[in-house]
Amino acid sequence: MVFQCQRDSWARQFATRVVSCQAAELRPEGGGEPVRGFQVVLEDTILFPEGGGQPDDRGLIGDVPVLRVTRRGPEAVHFVQTALEPGAAVLLSLDWERRFDHMQQHSGQHLITAIADLMFGFKTTSWELGRQRSVIELDTPCLTAEQIEALERSVNEKIRERVPVTVRELAADDPEVETVRSRGLPDDHTGPVRVINIEGIDSNMCCGTHVSNLSDLQVIKLLGTEKGKKNKTNLVFLAGNRVLKSIEQSHNTEKALTSLLKNGPGEHVEAVKRLQSSVKLLQKNNLNLLRDIAVLIARDFKSKPVRSQLFVLHRKEGDSEFMNIIANEIGTEETLLFLTVGDEKEAGLFLLAGPVEAVENLGPRVAELLGGKGAGKRGRFQGKATKMSRRGEVEALLQEFVSHQRAET
Ligand SMILES: [Zn+2]
C-alpha cells in the first residue's frame, strides 16, 4: 500500500479514522523494560513507517503521542499508550522537524549515490541515516581527497540548479522497473513500485519520503571517509539543517578554545602543540625530581646511627618507581619497608619490602587490609590499594611483627 506520507511528503496534518487498536508492548530501541500500550492501524497515515534506510516518524493522533511507527505487510502500525476507539475520526499531526531532517538526509543520499556513480562508477551498497550523521557505503576500496572534493562540488552544484525531484508509481510488472536503480524489493512488497526521479540525474526505486526539489536540501557537506567492510568505503555526510547545526557546534567549540588559549582560531593548533610539549617537559622534570627525592629519603634513613627495623613512608605524589628506588637504596636485608603513594581518600599503590620470609608472610595480609591486590617475589610485594585510609592498621600490624621478632632474638 502507498501511504498518504508517500503521496504528499509535505502534509503535516491529516484527518483519518481508526481501523483497529490492540494491546501490545513496545521494546525501547536502546533496550530496557518493554512499554505497555496499543498498536493502532489507521485508514491511512502521514506518519512514515521506517523503510529504505529512513527511520520512522513521530507525531500525534489527536493529542496522543505516537512513540513508534512500524510496517506490518501493507499496514503502518502506530504504537501509542492510550487506547483509541475503532471507527473514531482522528486528526494526525506530524513531528515536522524530525521528518524534514529525514527527507533532507534521504534525498541527499540519493543525490550523492547518483553523482558518485556518474562521476566515478562507484555503486552504493548500503546506507545509514544516523542521529548525528549519515553514512553511504560505496563499493570501492578507497576514495581520494580529490574525488571527495569533486563529488561535494558537484552535488552542491545540482542543489543550486534547483533540479526537481518527482515520484512516480509504476506497476510491479512494468518493463521500466528493470531500468531503475534498485537494491531489490522487500519480500513482503505488494502494490505499485515507487520511483524517485531526480530530473536528468537519477531514477531510484524507494519507499521513503523525499523533497520535491534539490534546492530543499540547502547544502551537502561530505565529512570524509571511514574504513568500511572489505573493499568498501564509508562516506560520511550531512545535509541541510544538519550542516548549520554542525557549524554552530564547531563555532561554539572554537569560541571556547579562543578564550581558553587566549589566541585566535588560526593559532589554536600551534598553541595546543606548544602546551603538549611543555607538559611533556614538565612530566620529565617531575619524574627526575621524584627519583632524586627517593634517593635522598633513602640516604637520610641510612645516615642514622641506629636504624629502626621498620620504615614507613607515604607520599601523595609518586609512582611505583619512586617506591622501588627507595627500597633499592635502603637495601632490604634487615629493615622492613612499607611504602605507599596516592591520595589518602582514594586508590593508590603500595610496596612492602624486606626479609624474604617476612614479606612472603605479610604481603597478602597487607593487600587484604588495604582492599587491594598484589604480587611479589624475592622480598618485594607490591600492588594496588583501594583503601589507603587503612594504612594505620597496616602499620600497627607491621609494628607488632617487628617487636615480636625483636623479642625472639
Ligand atoms: Zn531511498
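This section describes the zinc site, the nonpolar core, the aromatic pairs and the surroundings of one buried threonine in a predicted model.

The zinc ion is coordinated by three residues, namely His106 through NE2, His110 through NE2 and Cys206 through SG, at 2.1 to 2.3 Å. Along the chain, these donors follow the spacing H-x3-H-x95-C. Distant parts of the chain are linked by the pair of histidine 110 and cysteine 206, which are 96 residues apart. Histidine 110 belongs to helix H2, whereas cysteine 206 is found in the loop between strand S12 (202–205) and strand S13 (220–227). Both histidine 110 and cysteine 206 are buried.

The largest nonpolar core comprises 52 residues, and the most contacts inside it are made by Ile61, Leu111, Ile112 and Ile220. Helix H2, spanning residues 96–120, gives the most to this core, with 8 residues. When neighbours within four places in sequence are left aside, isoleucine 112 is in contact with Ile136, Leu151, Val155, Ile220, Leu222, Leu235 and Phe237. Ile220, one of these partners, is itself listed among the core residues with the most contacts.

Aromatic pairs number 6 in the structure. One of them joins tryptophan 10 and phenylalanine 100 in a tilted arrangement, with 5.9 Å from centre to centre and 45° between the planes. Because tryptophan 10 lies in the loop between helix H1 (4–7) and strand S1 (13–26) while phenylalanine 100 lies in helix H2, the pair ties together parts that are 90 residues apart in sequence. Tryptophan 10 has a relative accessibility of 32% and therefore counts as partly exposed. Phenylalanine 100, in contrast, is buried, its relative accessible area being 16%; the cut-off for burial is under 20%. Together with Trp96, the residues Trp10 and Phe100 form one aromatic cluster. Elsewhere, arginine 315 is placed over the face of phenylalanine 322, at 5.8 Å from the ring centre.

Threonine 45 is located in the loop between strand S2 (35–42) and strand S3 (59–61). Its relative accessibility is 1%, so threonine 45 counts as buried. A polar atom of the threonine 45 side chain lies 2.9 Å from the backbone nitrogen of leucine 47. Apart from neighbours within four places in sequence, threonine 45 is in contact with Phe3, Gln4, Cys5, Phe14, Ala76, His78 and Leu92.

Conventions:
Residues numbered from 1 in each chain as written. Predicted model: local features only at pLDDT ≥ 70, side-chain atom pairs only at ≥ 80, totals over all residues. Heavy atoms only, no water. Core = buried A, V, L, I, M, F, W, Y, C linked by side-chain atoms within 4.5 Å. Buried < 20%, exposed > 50% of the residue type's maximum accessible area, 1.4 Å probe, protein only. Helix = DSSP H or I, 4+ residues; strand = E, 2+ residues; numbered from the N terminus. Contact = heavy atoms within 4.5 Å. Donors = N, O, S within 2.8 Å, 3.2 Å for Na, K, Ca; no water. Phe/Tyr/Trp six-rings, centres within 6.5 Å; stacked < 30°, edge-to-face > 60°. Lys NZ or Arg CZ within 6 Å of the ring centre and 35° of its normal. Polar contact = N/O pair within 3.5 Å; in protein donor to acceptor, adjacent residues only side chain to side chain.
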